[in-house]
Amino acid sequence: MPEIPLTEETLTVAGLSEAEVLARIFPRLDMGGSHGSATLLGPGDDAAIVSAPDGRTLISIDTQTQDQDFRPEWPSGYRTTGFDVGWKAAAQNLSDINAMGGAATSLVVSLTLPPEIPVSWVVDLADGLTAAIRELGASHCSVAGGDLGRGREISVTVAVLGTLSGGMAVLRSGARSGDVVALAGTAGRAAAGLALLESETSVQSLTPAQRALVELQCRPRPPLSAGPLARAAGATAMLDISDGLVRDGGRLAAASGVVLDLDPAALKPLAEALRPASDLLAADPMAWVLGGGEDHGLLATFPPGVRLPPGFTAIGSVQAPGSTTGPGVTIAGHAVGTGGWDHFAD
Ligand SMILES: [Mg+2]
C-alpha cells in the first residue's frame with residue numbers, strides 16, 4: 001500500500017531524527033555570531049563558548065511542563081501554540097536577568113517532546129523564542145545551544161546567562177525604611193487572562209480587550225529596559241513578580257527585614273485595567289492585582305527623593321517593622337492576610 005506523503009503539517013517528531021528536527025529549528029533562531037553577540041562558538045561542538053564581558057555571569061534557569069505550567073487545550077477552547085510556549089520560556093528567563101539589573105546575553109534550551117508532536121509545533125516554538133528575544137528588546141541575546149529529547153509530555157527548560165556590564169547587581173535584600181516602592185510593567189493581567197482561559201466562555205467570543213489579557217498570559221511582556229534603568233537610578237532592592245505582588249513583595253520585605261506598605265489609591269488603576277475580565281467573570285479584580293503572577297513586572301525600591309526611571313510608578317513606601325509585626329506587605333497599614341485579604345495568605 002502506498003504511504004501517504006507527509007507534509008510539514010502532519011509530520012511528527014517521531015518521523016524525524018534529532019538532527020533532522022534541529023535542521024528545521026536552527027534557521028529560525030538567532031544563534032549569535034553577529035556584532036556584539038556573547039556567543040563565541042555556537043552549536044556543532046560538544047559545548048558552546050560564550051564571553052563574560054565583565055568577568056562575571058548572571059545565570060538562571062526555568063522549566064515549563066505541560067499540564068503544570070500550561071494546558072495544551074483550555075476550557076475556553078484556546079489551544080496553546082508552540083509560539084506561546086517558546087515566547088513564555090524566553091520571557092520568564094529574560095525577566096530574571098532584568099530583575100537583577102542585568103541584560104541577557106545567551107539562552108540554552110532543553111526540549112522534551114512526545115513523539116506525536118507535529119514538527120510544525122516545534123518550529124513554531126523556535127519562532128516564539130526568537131520573537132520574544134527581539135520584541136522584548138533583548139537585543140544582545142542569542143541562543144548558544146540546546147538539547148532535544150523524547151518524553152511523555154512537553155517540557156521546555158531554558159537557562160539564561162546575562163551581564164551586569166560592570167555594575168552592581170540589585171538584590172532583594174537592600175530595601176531601607178523611607179524608600180519608595182515602585183512598579184514597572186503590569187500586575188494582574190496575566191492572572192485575569194488565565195481566569196478567561198479557564199472559564200467556559202469561548203475564547204472566540206471575547207472582546208479585543210479581553211483577548212489582550214489572554215495574550216498577556218500566553219505571551220508575557222516583562223519590561224526589559226526597566227531593570228538596568230532601575231540599577232542605574234540606584235534601586236536598593238528589586239525582583240520580578242512571577243508569583244504575585246503580595247507574595248513576591250513579601251519575599252523582598254523578608255530579605256530586607258522591612259515592611260512594604262502599598263497605597264490603595266496607586267493599586268486602583270491596576271485593578272481598573274482588569275475590568276474587561278472581572279465584569280465578565282464577576283470576579284474581584286484587586287485579587288488578581290495582589291495575587292496574580294506571570295506578568296513579570298518589576299517591583300523595586302528606591303531611596304527617597306530619587307527621580308523614578310521611565311516606566312516605574314510609585315505604589316507605596318518602605319517602613320520599619322513594628323514591635324509586634326515582622327517584615328511583610330501591608331496595604332495602608334493593614335497587614336495583608338487579615339480581614340479582607342485572607343485569601344492572599346501564604
Ligand atoms: Mg524571578
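# Exercises on a predicted model

Let's begin with Thr330, which is found in strand β12 (residues 328–331); a strand here is a DSSP run (E) of at least two residues and a helix one (H or I) of at least four, numbered from the N terminus. The model is predicted, so local features need pLDDT of at least 70 and side-chain atom pairs count only at pLDDT 80 or more, while totals for chains, interfaces and linings use all residues. Residues are numbered from 1 along each chain as its sequence is written, and side-chain values use heavy atoms, with hydrogens and water left out.

**Exercise 1.** Decide whether Thr330 is buried or exposed, and list the residues that Thr330 touches.

*Solution.*
- Step 1: recall the cut-offs: buried means under 20% relative accessible area, exposed over 50%, and partly exposed in between (1.4 Å probe, protein chains only).
- Step 2: Thr330 has a relative accessible area of 13%, so this residue is buried.
- Step 3: leaving aside residues up to four places away in sequence, Thr330 touches Val259, Leu260, Asp261, Leu262, Ala335 and Val336. Contact means heavy atoms within 4.5 Å.

**Exercise 2.** Find the protein donors of the magnesium ion and place them along the chain.

*Solution.*
- Step 1: look for donors, meaning N, O and S atoms within 2.8 Å of the metal (3.2 Å for Na, K and Ca); water is not among the atoms, so sites may look incomplete.
- Step 2: the protein donors are Asp96 (OD) and Asp240 (OD), lying 2.1 Å from the magnesium ion.
- Step 3: Asp96 sits in helix α2 (residues 82–98) and Asp240 in strand β8 (residues 237–240), so the pair, 144 residues apart, links distant parts of the chain.
- Step 4: Asp96 counts as partly exposed at 23% relative accessibility, whereas Asp240 counts as buried at 3%.

**Exercise 3.** Describe the largest pocket and explain where it lies relative to the two domains.

*Solution.*
- Step 1: on a 1 Å grid over the protein atoms alone, a pocket is an open set of points with protein on both sides within 12 Å along at least five of seven lines; a cavity is a set where a 1.4 Å probe fits but cannot get out, and lining residues have an atom within 4 Å of a point.
- Step 2: the largest pocket holds about 470 Å³ of space. Grid points are joined across faces, edges and corners, and a volume is the space filled by probe spheres set on the points.
- Step 3: 25 residues line the largest pocket, and the closest to its centre are Asp69, Gln92, Ser242, Asp243 and Glu294.
- Step 4: the largest pocket lies between domain 1 (13–163) and domain 2 (180–344), because both give residues to its lining. These bounds come from an automatic or database domain assignment.

**Exercise 4.** Work out which helix gives the most to the lining of the largest cavity.

*Solution.*
- Step 1: the structure holds two cavities of 30 Å³ or more, and about 80 Å³ of space lies in the largest cavity.
- Step 2: its lining includes Asp84, Val85 and Lys88.
- Step 3: α2 gives the most to this lining, with three residues.

**Exercise 5.** Say where Asp67 and Ala332 lie and what sign their phi angles have.

*Solution.*
- Step 1: Asp67 is in the loop between β3 and α2, and Ala332 is in the loop between β12 and β13 (334–335).
- Step 2: phi is positive at about 75° for Asp67 and about 50° for Ala332, although neither residue is a glycine.
- Step 3: Asp67 is exposed, with a relative accessible area of 52%, while Ala332 counts as partly exposed at 43%.
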